[in-house]
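Colleague: I am new to this structure. Please take me through it, and tell me what each label rests on.

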Amino acid sequence: MPQPPLYFIIHGKTLQGQRFRPSDWAERLAGVLSRFRPPGSLYNPLSYSPYAIPRTLDGVKCVVVDHRLRDLEPLAWKFVCEFAASNQLQTTDTAERPSDASDPANPAGMTPAFTPKAGVA
C-alpha cells in the first residue's frame, strides 16, 4: 500500500510569535519553487508547483511543501528547510494537506463542476 503524502508547513510566524515579513514572503517562496513539478508535466511560469503552495491557515500566511519534493530535487528541499530554519519560522509536519479559501488555483474555494480534458478548448 502506498504511503500517503506528507506535508511540511512553513508558518509565517517566528519562533518568538512575531509575524514574518515581508507580507508576500509565501508567494515569493512558492514562486522560487514553481519550476519543480511532477515528471512529464508542463512548466508554466505563471503558476505554482503542486509541491509548494502558498496558503493562509488560521489567518497566518504559510507555504505547504509536499515531502515528494525531497525525492524530486533534494537541493530544493534543503533550500526550503534552511529558509525556515534561518528565518526561525514555525514549522509543522502533517499527513493531511491543509486547504483553505485562499487556494491560488481556486480563489473561491469551490469544487469545479467538471474537469476539462487536456487539449480541449
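Modeller: This is a predicted model. Start at one pair of residues: Tyr7 stands opposite Thr94 in β4.

Colleague: What makes β1 and β4 paired strands?

Modeller: The cut-off is at least two bridges between two strands. 5 bridges join β1 to β4, so the pair meets that cut-off. The two strands run antiparallel.

Colleague: How do you know that β1 also pairs with β3?

Modeller: By the same kind of count. β1, residues 7–14, is linked to β3 over 5 bridges, against a requirement of at least two. The sense is antiparallel. Among the opposed residues, Phe8 stands opposite Val65 in β3, and Ile9 has Val64 in β3 as its bridge partner.

Colleague: Why is β1 called largely enclosed?

Modeller: A residue is buried if its relative accessible area is under 20%. In β1, 7 of the 8 residues are buried, so the rest of the structure largely encloses the strand.

Colleague: What joins β2 to β3, and what lies between them?

Modeller: There are 6 bridges between β2 and β3, residues 60–66, and the two run antiparallel. Leu57 stands opposite Val60 in β3. The two strands form a hairpin with 2 residues between them. In the turn, Asp58 has a positive phi of about 55 degrees.

Colleague: What is the order of the strands in the sheet, and which stand at the edges?

Modeller: The open sheet has 4 strands in the order β2-β3-β1-β4, with antiparallel pairing. β2 and β4 (89–94) are at the edges; each has a single partner strand, so one side of each lacks a neighbour in the sheet. On average, neighbouring strands are turned by 25 degrees against each other, direction ignored.

Colleague: Is the edge strand β2 largely enclosed or left open by the rest of the structure?

Modeller: Largely enclosed. Of the 6 residues of β2 (residues 52–57), 5 are buried, so the rest of the structure encloses most of the strand.

Colleague: Which helices lie on these strands?

Modeller: Helix α1, residues 25–32, lies across β1, β2 and β3, and runs at about 20 degrees to β3. Helix α3, residues 74–86, packs on the sheet and touches β1, β3 and β4. The direction of α3 makes about 30 degrees with that of β1.

Colleague: How do you know that α3 touches those strands?

Modeller: Contact means heavy atoms within 4.5 Å, and α3 touches β1, β3 and β4 in that sense.

Notes
Residues numbered from 1 in each chain as written. Predicted model: local features only at pLDDT ≥ 70, side-chain atom pairs only at ≥ 80, totals over all residues. Heavy atoms only, no water. Buried < 20%, exposed > 50% of the residue type's maximum accessible area, 1.4 Å probe, protein only. Axes fitted to C-alpha atoms, helices over the stretch in contact; angles between N-to-C directions.
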